[in-house]
Structures are given as C-alpha cells and as structure tokens.
Amino acid sequence: MNNEERYERHDWLVEPEDIGERVDKFLATMQEEWSRSQLQSWIKAGLLTVNGKPIKGNYRLQGDDEVTLMVPPAREVDIQPENIPLDVVYEDSDVIVVNKQRGLVVHPAPGHYSGTLVNALLYHCQDLSGINGVLRPGIVHRIDKDTSGLLMAAKNDKAHESLANQLKDHTVTRRYIALVHGVISHEKGTIDAPIGRDPKNRQQMTVVFENSKPAISHFVVLERFKEHTLVEMKLETGRTHQIRVHMKYIGHPLVGDPKYGPKNLFSIEGQALHAKTLGFNHPTTGEHLEFHAQLPHDIEAILAQLRLE
C-alpha cells in the first residue's frame with residue numbers, strides 16, 4: 001500500500017448484536033457518508049481486513065472479530081451542482097433554510113461526492129459561503145442523513161460567521177420531535193452527560209467521561225403509547241448524534257435508529273427524529289426568525305399505527 005501513512009485507519013470490535021451480519025452491510029452503518037459502491041471498491045482493493053486478513057464483502061461477522069478498514073486519502077474534487085428537489089422554507093441574500101428529507105446526506109465526503117444537500121444548494125443558490133471549503137460550502141451545522149427537518153446554510157462569509165457564533169453561544173433555538181422505545185413516566189427531564197467517541201467503536205458516540213465534551217438535552221413528553229413515547233427535545237449543545245446517544249443512555253433509544261437502537265420493526269429508514277423548530281437572529285438585520293416543519297409522513301404513519309394499539 002503506497003503512502004500508507006496518509007490512509008485513515010478505522011477499527012471495530014464486533015459486538016454480540018452484530019454477529020452474523022455481512023461485513024459490507026456492517027460497514028455501511030458505521031459511517032453514513034460512505035457509499036456502498038465506494039465500500040465495495042475499497043474491499044476489492046484489499047483495504048478491509050478481519051483479524052488481520054483481507055476478506056470479501058459477503059463475509060459474515062463472528063464474535064470478537066477485529067475489523068479494520070484503511071480509507072484512502074480524499075482526492076481533490078470539483079463539487080457539482082445537482083438538480084435535487086429542495087423544500088425551501090426561507091431564503092434571502094444571506095441565508096437559506098431548508099426542510100431536509102430523510103436519506104439526504106448534508107455534505108460530500110470521501111466516496112460520496114454527489115447526491116448531497118450541498119450539491120442541491122449549489123444548483124439552487126449558486127452563492128454559498130466558502131468558510132468550510134469546497135466540500136461543505138455554506139454549511140453552518142448539520143443533521144444526520146436519516147434525520148429529517150430544518151437546517152440553515154449561509155450564502156456569504158459574513159452571514160456564516162454570525163450564524164456560527166450564535167451556535168457557539170447556544171442562542172440558536174433547535175427543537176426536535178423523537179419517537180423512542182419504552183414509556184417515559186415523568187413529564188420532562190434534562191440529560192446532562194458528556195459525549196465522546198466510543199472507545200470500543202470509534203464510529204459511534206457514547207456517554208463517556210474521558211476525552212468527551214459537555215452535552216445537555218432537555219425533553220418534554222408529548223404523547224405516550226403502549227410501548228413507546230413521543231417527546232420534544234431541545235438542545236443546549238450540538239454534539240454528534242447527541243439526541244440518539246442521550247436517549248439510549250437513559251434507556252429509551254430512538255425508533256429505527258440503526259446505530260443505537262434495537263432492530264427496526266416499523267416502516268421507516270433510519271431513526272424517527274425530526275428537526276421541527278429552528279430559530280436564530282438574522283445575520284444582517286438582527287431580527288429573530290423562527291421556523292417550523294411538520295412531521296414527515298413516515299413518522300406520522302407510525303404514530304397513527306401506535307394510536308390504534
């Protein structure tokens with residue numbers, strides 16, 4: 001392997017719940033920005049090993065297998081505008097707010113240079129801030145691929161700096177709707193638990209008290225079902241996978257969550273999580289703006305099903 005020092009190494013230790021899973025499907029859930037086709041090319045190139053030996057994508061994992069993937073360095077790319085439909089909630093010369101559909105990756109990454117929200121924004125806007133470079137123009141914050149809902153992007157560097165500072169100062173309002181497993185008995189609560197990389201699985205986050213960052217989430221119960229609860233979540237911090245990790249930590253993982261939840265028994269691709277409310281001060285006028293997005297049809301369908309039980 002040439003220039004091996006430039007390759008990014010990823011290691012996983014197979015947990016009991018992953019035994020029997022095909023290794024290519026296992027990898028696809030570890031890093032959502034990796035496309036299936038890119039994973040297959042890396043596997044064919046011998047960049048994937050199990051217990052130190054190259055294997056094929058159809059290998060089925062066994063207990064305590066040590067999986068290693070060497071990801072080659074990112075190549076310089078020219079991110080192209082793509083005519084991908086956007087649900088634009090608000091737009092002016094400084095900022096655009098979109099209601100992102102489930103399944104859409106926010107920005108390009110190695111192995112996934114097209115079909116993202118950034119590609120769609122470049123087609124729609126032409127003008128996006130350049131602070132985050134060629135792969136993430138205009139992107140001030142992100143939501144996970146399989147989380148739907150509101151996200152803002154900056155059209156120029158001045159707007160980007162303003163919005164980024166508001167996020168840093170925790171003055172941006174972000175409320176989410178989540179459907180979780182189990183019945184939460186109390187009406188509201190606060191989860192104050194630091195989040196960092198899971199030392200057992202570097203592609204997952206977890207509540208950990210070393211090499212972590214403070215994370216605070218508030219929840220209010222909206223509706224209870226026989227075995228599930230619908231909650232509204234408000235974030236003080238914006239850690240990776242924060243809601244998903246915090247709800248798992250208190251014993252109520254999100255429905256459909258491929259990383260942190262049990263097997264999905266509902267007709268939904270990914271976690272039942274929707275960024276419903278987004279509020280911020282306009283970067284030029286200072287006016288406070290707040291936007292709301294209705295739940296997507298797949299979550300509404302699950303709720304209708306649960307109400308019949």
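1. A pocket, as the word is used here, is an open set of grid points with protein on both sides within 12 Å along at least five of seven lines, and its lining residues have an atom within 4 Å of a point. In this predicted model, the largest pocket is lined by 42 residues, and those nearest its centre are Thr-29, Asp-257, Pro-258, Lys-259 and Tyr-260. The elements that contribute two or more residues to this lining are α1, β11 (201–207) and α5 (242–249).

2. The space in the largest pocket comes to about 1,300 Å³. Sorted by class, its lining consists of 17 charged, 13 nonpolar and twelve polar residues.

3. The position of this pocket is best read together with the division of the protein into domain 1 (8–71) and domain 2 (88–308), whose centres, taken over C-alpha atoms, are separated by 27 Å. Because domain 1 and domain 2 both give residues to the lining of the largest pocket, the pocket lies between them.

4. The enclosed space should be kept apart from the open pocket: the structure holds one cavity of 30 Å³ or more, and the volume of the largest cavity is about 30 Å³. Its lining is made up of His-141, Leu-150, Arg-174, Tyr-176, Ala-275, Thr-277 and Leu-278, which divide by class into four nonpolar, two polar and one charged. At least two residues of this lining come from each of β8 (173–181) and β15 (273–281), and β15 supplies the largest share, with three residues.

5. Helix α2, which spans residues 36–44, has Leu-39, Trp-42 and Ile-43 buried. These residues cover an arc of only 100° around the axis, which means that they sit on the same side of α2. As a general matter, an α-helix has 3.6 residues a turn, so residues three or four places apart point the same way. On the other side of α2, by contrast, Ser-37 and Lys-44 are exposed.

6. What do the buried residues of α2 pack against? Their partners are α1 (23–30), β2 (48–50) and β4 (66–71). After α2 comes Gly-46, a residue with a positive phi, near 80°.

7. Helix α3, residues 117–125, is mostly covered, with seven of its nine residues buried. The buried residues of α3 are Leu-117, Val-118, Asn-119, Ala-120, Leu-121, Leu-122 and Cys-125, and among the elements that cover them are β5 (88–91), β6 (95–100) and β7 (148–154).

8. Two backbone angles deserve a careful look, given that most residues other than glycine have a negative phi. Asn-51, which is not a glycine, has a positive phi near 55°, and its place is in the loop between β2 and β3 (53–54). Is Asn-51 buried, exposed or partly exposed? Its relative accessibility is 44%, and therefore Asn-51 counts as partly exposed, since that class lies between the cut-offs of 20% and 50%.

9. The second of these angles belongs to His-241, also a residue other than glycine, whose phi is positive and near 60°. His-241 is found in the loop between β14 (228–235) and α5. With a relative accessibility of 10%, His-241 counts as buried, because buried means under 20%.

Methods:
Residues numbered from 1 in each chain as written. Predicted model: local features only at pLDDT ≥ 70, side-chain atom pairs only at ≥ 80, totals over all residues. Heavy atoms only, no water. Buried < 20%, exposed > 50% of the residue type's maximum accessible area, 1.4 Å probe, protein only. Helix = DSSP H or I, 4+ residues; strand = E, 2+ residues; numbered from the N terminus. Arc of directions from axis to C-beta. Contact = heavy atoms within 4.5 Å. 1 Å grid on protein atoms, 1.4 Å probe; cavity = no way out; pocket = protein on both sides within 12 Å on 5 of 7 lines; lining within 4 Å. Points joined across faces, edges and corners; volume = space filled by probe spheres on them. Nonpolar A, V, L, I, M, F, W, Y, C, P; charged D, E, K, R; others polar. Domains from an automatic or database assignment.
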